[in-house]
Amino acid sequence: MVLKNFIVFEGIDGSGTSTQIKKLVESNPNVFIATAEPTTKETGKFLRRMLCGEFSVDEKTASYLFAADRCEHIFGKDGVEDLIKNGKTVVSDRYFFSSLAYQSVSCGKDLPRLLNSPFPLPEYLFYFKIDPEISLKRVDSRNGQKEIYEKLDIQKKITKLYDEVIEEYQEKTNESGMKIIIIDATKSIDEVFNDILRELKQK
Ligand code: TYD
């Protein structure tokens with residue numbers, strides 16, 4: 001099932017999704033509203049502490065935690081469903097495709113798929129494709145502490161899994177109705193933004 005007026009940006013760390021969401025919302029704040037996973041709710045705050053390395057959990061547990069936070073994001077109070085009902089077009093920085101890529105690295109594909117099967121598909125899925133060597137340099141150049149997945153060997157594995165997930169959904173796309181757009185995320189910020197706008201204009 002596709003959730004109309006729900007747009008998702010996905011990609012490895014440093015692929016530029018946050019920058020583009022900010023630009024999109026600024027371009028038309030009456031229409032677009034930004035959300036993100038992990039969320040800013042208590043469930044998301046707990047995940048942020050884990051991502052910073054404050055404590056560690058089994059990767060299977062991480063799959064459950066990301067799915068729980070997603071449940072709040074979509075179905076919780078003032079969540080995506082509520083925002084859409086109020087006439088907004090929601091643009092989310094990450095969604096369950098992140099779990100299918102990131103959590104599958106260490107806990108296999110089955111559990112993330114199972115836990116994420118109840119969630120609706122977005123109307124648009126933008127996949128920001130970039131070589132992890134380039135994106136990790138962008139992450140390195142930002143100030144601040146690195147998160148647990150921001151290492152080259154892990155990012156390479158995540159890239160492979162992301163590519164597989166996107167390909168799999170592309171095959172099913174006609175039946176699902178979700179539109180998948182692959183973005184060349186090595187391009188400049190303005191070029192990427194124009195590519196996104198061009199796709200959304202056809203909406
Ligand atoms: P990220 O978008 O990088 O947030 P920020 O730019 O604010 O640090 O997301 C944080 C990390 O969480 C990122 O490395 C991907 C990871 N993540 C998962 O492993 N699984 C998930 O389901 C989601 C939503 C994120």
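Helices and strands here are DSSP runs, numbered from the N terminus. The model is predicted. Work through the exercises in order.

**Exercise 1. Locate Arg94 and describe its backbone and its burial.**

Step 1. Find the place. Arg94 lies in the loop between β3 (89-93) and α5 (96-102).

Step 2. Check the backbone. Phi of Arg94 is near 85°, which is positive although the residue is not glycine.

Step 3. Check the burial. Buried means under 20% relative accessible area. Arg94 has 15% relative accessibility, so it counts as buried.

**Exercise 2. Find which residues surround the ligand and which polar contacts they make.**

Step 1. Count the surroundings. There are 14 residues around the ligand. The closest are Asp13, Arg70, Arg94, Ser99 and Gln103.

Step 2. Take the Arg94 side chain. One of its polar atoms lies 2.7 Å from an oxygen atom of the ligand.

Step 3. Turn to Ser99. An N or O atom in its side chain is 2.6 Å from a ligand oxygen.

Step 4. Add Arg48. Here a side-chain N or O atom is 3.2 Å from an oxygen atom of the ligand.

Step 5. Look at the cover. The ligand taken alone exposes 550 Å², and the protein buries 87% of that.

**Exercise 3. Compare Asp78 and Pro38: where does each sit, and what marks its backbone?**

Step 1. Place Asp78. This residue is in the loop between α3 (59-75) and α4 (80-85).

Step 2. Read its phi. Asp78 has a positive value of about 60°, yet it is not a glycine.

Step 3. Judge the exposure. Exposed means over 50% relative accessible area. Asp78 has 54%, so it is exposed.

Step 4. Place Pro38. The loop between β2 (32-36) and α2 (42-51) holds this residue.

Step 5. Read the peptide bond. Glu37 and Pro38 are joined by a cis peptide bond, with omega about -5°.

**Exercise 4. Work out how the buried residues of helix α8 are arranged.**

Step 1. List them. In α8 (residues 132-141), the buried residues are Pro132, Ser135, Leu136 and Val139.

Step 2. Look down the axis. The buried residues of α8 fall within an arc of 100°, so they line one face of the helix.

Step 3. Recall the helix geometry. An α-helix has 3.6 residues a turn, so residues three or four places apart point the same way.

Step 4. Turn to the other side. The face of α8 turned away from its buried side carries the exposed residues Lys137 and Ser141.

Step 5. Inspect the N-terminal end. Asp131 caps it. A side-chain oxygen of Asp131 lies 2.8 Å from the backbone nitrogen of Glu133.

**Exercise 5. Classify the ring pair of Tyr127 and Tyr162.**

Step 1. Start with the total. There are 14 aromatic pairs, counting rings whose centres lie within 6.5 Å.

Step 2. Apply the test. The centres of Tyr127 and Tyr162 are 5.2 Å apart and their planes meet at 40°, so this pair is tilted.

Step 3. Place the partners. Tyr127 is in strand β4 (residues 121-129) and Tyr162 in helix α9 (residues 152-176). They are 35 residues apart, and the pair links distant parts of the chain.

Step 4. Check burial. Tyr127 counts as buried at 3% relative accessibility. Tyr162 is buried too, at 0%.

**Exercise 6. Find which lysines lie over the faces of Phe193 and Tyr124.**

Step 1. Take Phe193. Lys23 lies over its face, 5.0 Å from the ring centre.

Step 2. Take Tyr124. Lys179 lies over its face, 4.8 Å from the ring centre.

Note on methods. Residues are numbered from 1 along each chain as its sequence is written. This is a predicted model: local features need pLDDT of at least 70, side-chain atom pairs count only at pLDDT 80 or more; totals for chains, interfaces and linings use all residues. Side-chain values use heavy atoms; hydrogens and water are left out. Buried means under 20% relative accessible area, exposed over 50%, partly exposed in between (1.4 Å probe, protein chains only). Helices (H or I, at least four residues) and strands (E, at least two) are DSSP runs, numbered from the N terminus. The arc is that of the directions from the helix axis to the C-beta atoms. A polar contact is a pair of N or O atoms within 3.5 Å; within protein, one must be able to donate a hydrogen and the other to accept it, and residues adjacent in sequence count only if both atoms are side-chain atoms. Rings of Phe, Tyr and Trp (its six-membered ring) pair if their centres lie within 6.5 Å; planes under 30 degrees apart count as stacked, over 60 as edge-to-face and the rest as tilted. A charge sits over a ring if NZ of Lys or CZ of Arg is within 6 Å of the ring centre and within 35 degrees of the ring normal. A residue is near a molecule or strand if one of its heavy atoms lies within 4 Å of it. Accessible areas come from the Shrake-Rupley method with a 1.4 Å probe; for residues, only the protein chains shown count as cover.
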